[in-house]
Amino acid sequence: MTLRLFALTLSAMLAFAGNSLLCRLALKQTAIDPTTFVVIRVVSGALMLWLVLALRRQSERLEGSWAGALALLAYALAFSFAYTHIPAGTGALLLFGAIQISMILYGLAIGERLAPLQCVGMALAIAGLVALMLPGTDAPPVFYGFLMILSGVAWSIYSLLGRGARNPVAATAGNFIRAAPVALALLLAQFVMSHVRLDAAGAAYAVASGAVTSGLGYILWYAALKRLNVTRAATVQLSVPVLAALGGTLFLNEPLTVLLVAASALVLAGVSLVILNKRVA
């Protein structure tokens, strides 16, 4: 791995972990509500991606789909509401585990088969998520934990819908741009039915999440993906929950619990076994 590729990959992983930290920071320490956070995140992400394409003179080549946009919005909404009650590291682990397990299950559904060692890995990963969700003093609230798992499933659907995109950045921009008016409509509905909470700090965190750690983060990741094989790309993503947990401890004073460490070890070891062993037909 060259220095440039390492820098691109590390920057992308830090951006993905940063999404968890910014969302948790905004919803824990400011007055912004989850829906408003999502709307600002999606709109600012759409603007950033559109600007990048415009600078590349590709803005007329938007790709993506409405199905992809709705899956993206479902991911973002479940993500934000879950983070009202879940620490950053725990949320990132649930999200990451749900994404990887969903993708593996999809592969099984379309006829792929796992080798015996991969079956062990799958069992370990599921056991780690189950252990994290079991009732206890360190466990996240069950409802919000399942919301984060649903967020991971939605992201898996979004990823599967985007497979084969000719221009991943254009596809991501198209999905964000399609999702923006739907998100604004949801915000309007919330305003009519109840209320909207917003402050400057929360809005700033949402803009950073949308424009920087989402918009620019995806661009960095796609640039790295051009030079990473599938196994290496999947493996480096194992770092995201670890980075999020460390960031939560350093910047949000969230405890690094024994349960989180043990569950992380099970999930990461299990997914690694599946990824690093070749599938058999």
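**A tour of helix packing, starting at α10**

Select α10 and, within it, V240, P241, A244, A245, G247 and G248, which are buried (under 20% relative accessible area, with exposed meaning over 50% and partly exposed in between, for a 1.4 Å probe and protein chains only). These residues lie on the same side of α10, because they cover an arc of only 165° around the axis, the arc being that of the directions from the helix axis to the C-beta atoms. What you have open is a predicted model, in which local features need pLDDT of at least 70 and side-chain atom pairs count only at pLDDT 80 or more, while totals for chains, interfaces and linings use all residues. Residues are numbered from 1 along each chain as its sequence is written, and side-chain values use heavy atoms, with hydrogens and water left out.

Helices here are DSSP runs (H or I, at least four residues), numbered from the N terminus. Colour residues 239-251 to see the whole of α10: its 13 residues should span 18 Å at 1.5 Å a residue, and the end C-alpha atoms are 18 Å apart, which agrees; the expected span is 1.5 Å times one less than the number of residues. Just after α10 comes N253, whose phi is positive, near 55°.

Next, show α1 (3-29), α4 (88-109) and α11 (258-276), against which the buried residues of α10 pack. Hide everything except α4 and α11, whose axes are 11 Å apart and pack at an angle of about 25° (axes are lines fitted to C-alpha atoms, for helices over the stretch in contact, and angles run from 0 to 180 degrees between N-to-C directions). The two helices are therefore roughly parallel to each other, a term for angles under 35 degrees, whereas those over 145 count as roughly antiparallel. Their contact (heavy atoms within 4.5 Å) includes L93, F96 and Q100 of α4 and L260, V267 and V271 of α11.

Now move to α3 (residues 66-82) and α6 (residues 142-161), whose axes come within 8 Å and cross at roughly 160°. α3 and α6 are therefore roughly antiparallel to each other. Among the residues making this contact are A71, Y75 and F79 of α3, with L147, S151 and W155 of α6.

Finish by centring on S151, whose place is in helix α6. Is S151 buried or exposed? At 0% relative accessibility, S151 counts as buried, and, not counting residues up to four places away in sequence, S151 touches Y75, A78, F79 and L95.

Conventions:
Parallel < 35°, antiparallel > 145°, perpendicular 65-115°, else oblique.
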